[in-house]
Amino acid sequence: MPETPDPLWDPDLPGDEVLQRLTSLLGAYRYAPHRDHAWSIRPVRVPRARRRRMMLAGVAALAACVAGLAVWMPWRLQWQDHRSWGVDTAAVSLPADLDVGATLTTDASEAAMVKVARIGRMEVMPGTRVKLLDTRAGHHRLELVSGRVRARIWAPPGYFAIAAGASETIDLGCEFEMDRDLHGNGTIHVTSGWIMHRVKGQETLVPAGSTVTFTAERAGIPHATTASAEFRSAVDQLDSAMAQDMRVPDIEQYVADQAAPSNSFALLSLLTRYPALASGPVYPKLAAFLGEPGEARHREAWSRGSVHAMNLWWEQMPRPPKAWWLNWRDALG
């Protein structure tokens with residue numbers, strides 16, 4: 001806009017002869033609203049009978065959707081015993097179906113998308129070997145022999161699991177990526193929801209945004225992806241020492257000093273796996289993160305391995321296990 005007055009921008013200013021002539025000619029096409037309707041919008045009145053019909057139609061449509069969902073959802077979760085899974089791949093050397101007891105192996109240049117019954121999909125990366133162990137309604141089990149897979153599951157907790165030697169990674173309604181080498185060592189990264197890793201009686205919960213490493217014998221402590229390498233190393237050292245019934249006060253103090261609020265789940269996992277740590281600096285640090293008073297009675301009960309005392313703090317975690325049915329978009333995939 002010009003800094004000096006200009007009749008092109010200010011209609012109150014007189015213009016030259018040419019501008020006045022153009023204004024006069026174009027003025028006939030100027031919009032002039034009716035005086036009674038200028039600058040007002042009146043709502044459209046819908047007859048009462050019509051409103052009632054519209055409301056009844058909406059209720060009927062909603063009821064039909066609910067009824068359809070009630071029929072469709074059980075069908076989605078049902079699966080015939082030992083029915084093969086479909087395989088989508090561009091590689092001609094790979095089969096179109098994966099049967100129970102069969103192995104799917106991709107080379108360094110191949111990949112495949114496996115349909116996990118009707119409850120999800122699993123991407124099989126290049127250089128991976130998987131074996132379908134069992135499949136039926138409510139129970140789908142696969143073994144990751146070696147390589148890397150990425151699974152996205154839409155089903156109640158426990159419907160899908162991946163075995164890796166003596167361990168089992170149980171889906172709790174989520175999306176996760178998992179790799180394993182020929183020696184049985186691997187990593188699980190959860191991007192949505194939760195998983196549980198179980199091996200030889202040890203159960204480890206891993207939430208979204210966390211990674212856990214495992215061996216053929218045990219799982220480590222879950223770490224937030226934002227955790228520093230120094231903090232992860234210290235926690236792993238403490239985990240290893242405690243597994244051998246060794247208390248290392250210096251490492252306990254370092255872990256407590258270096259922990260950030262985003263590391264709360266790692267501290268909670270440590271305290272749950274090793275209740276004796278409640279007598280050290282890790283307990284008050286987690287109490288501060290959770291806004292809990294850390295009463296002496298609660299601390300003493302935790303040290304004795306009280307499940308009730310532990311549950312009080314587990315319930316304070318900001319991200320409870322994900323309700324699988326809330327991820328309805330997954331069901332359409």
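How many salt bridges does the structure hold? The structure holds 14 of them, and a few make good stops on a tour of this model, which is predicted.

Begin with the whole chain on display, coloured by secondary structure: there are nine helices and 15 strands. Of the 333 residues, 37% count as buried, and among contacts between residues at least 6 apart in sequence, 48% join residues at least 24 apart.

Next, select Arg150 together with Glu123, whose side chains meet in a salt bridge at 2.8 Å, N to O. This pair links distant parts of the chain, since Glu123 sits in strand E5 (residues 120–124) and Arg150 in strand E7, 27 residues apart. Keep Arg150 selected and add Glu177, with which Arg150 forms a salt bridge whose closest N and O atoms are 2.9 Å apart. Because Arg150 lies in strand E7 and Glu177 in strand E10 (residues 175–180), the pair ties together parts that are 27 residues apart in sequence. With the surface switched on, Glu123 counts as partly exposed at 26% relative accessibility, Arg150 is likewise partly exposed at 28%, and Glu177 is partly exposed at 21%.

Move on to Arg198 and Glu168, a salt bridge with its closest N and O atoms 3.3 Å apart; here Arg198 in strand E12 (residues 194–199) is joined to Glu168 in strand E9 (residues 167–171), 30 residues away in sequence. Then return to the earlier group and add Arg148, for salt bridges that share partners join Glu123, Arg148, Arg150 and Glu177 into one network.

Now hide the surface and look at the largest nonpolar core, where, of 39 residues, Trp85, Met122, Phe160, Phe176 and Met178 touch the most other members. The largest share of this core, five residues, comes from strand E7 (residues 139–153). Centre the view on Phe176, which, leaving aside neighbours within four places in sequence, is in contact with residues including Val149, Arg150, Phe160, Ile162, Ile188 and Ile195. Apart from this core lies another, of 33 residues, among them Trp194, Met196, Leu286 and Trp302.

Leu286 leads to the last stop, helix H6 (residues 282–290), in which Val282, Tyr283, Leu286, Ala287 and Leu290 are buried. They cover an arc of only 135° around the axis, so they lie on the same side of H6. To see what covers these buried residues, show helices including H4 (249–258), H5 (264–273), H7 (296–303) and H8 (307–314). Finish at Gly291, just after H6, which takes a positive phi of about 70°.

Technical notes:
Residues are numbered from 1 along each chain as its sequence is written. This is a predicted model: local features need pLDDT of at least 70, side-chain atom pairs count only at pLDDT 80 or more; totals for chains, interfaces and linings use all residues. Side-chain values use heavy atoms; hydrogens and water are left out. Buried means under 20% relative accessible area, exposed over 50%, partly exposed in between (1.4 Å probe, protein chains only). Helices (H or I, at least four residues) and strands (E, at least two) are DSSP runs, numbered from the N terminus. The arc is that of the directions from the helix axis to the C-beta atoms. Contact means heavy atoms within 4.5 Å. A nonpolar core is a set of buried Ala, Val, Leu, Ile, Met, Phe, Trp, Tyr and Cys residues joined through side-chain atoms within 4.5 Å. A salt bridge is a side-chain nitrogen of Lys or Arg within 4 Å of a carboxyl oxygen of Asp or Glu.
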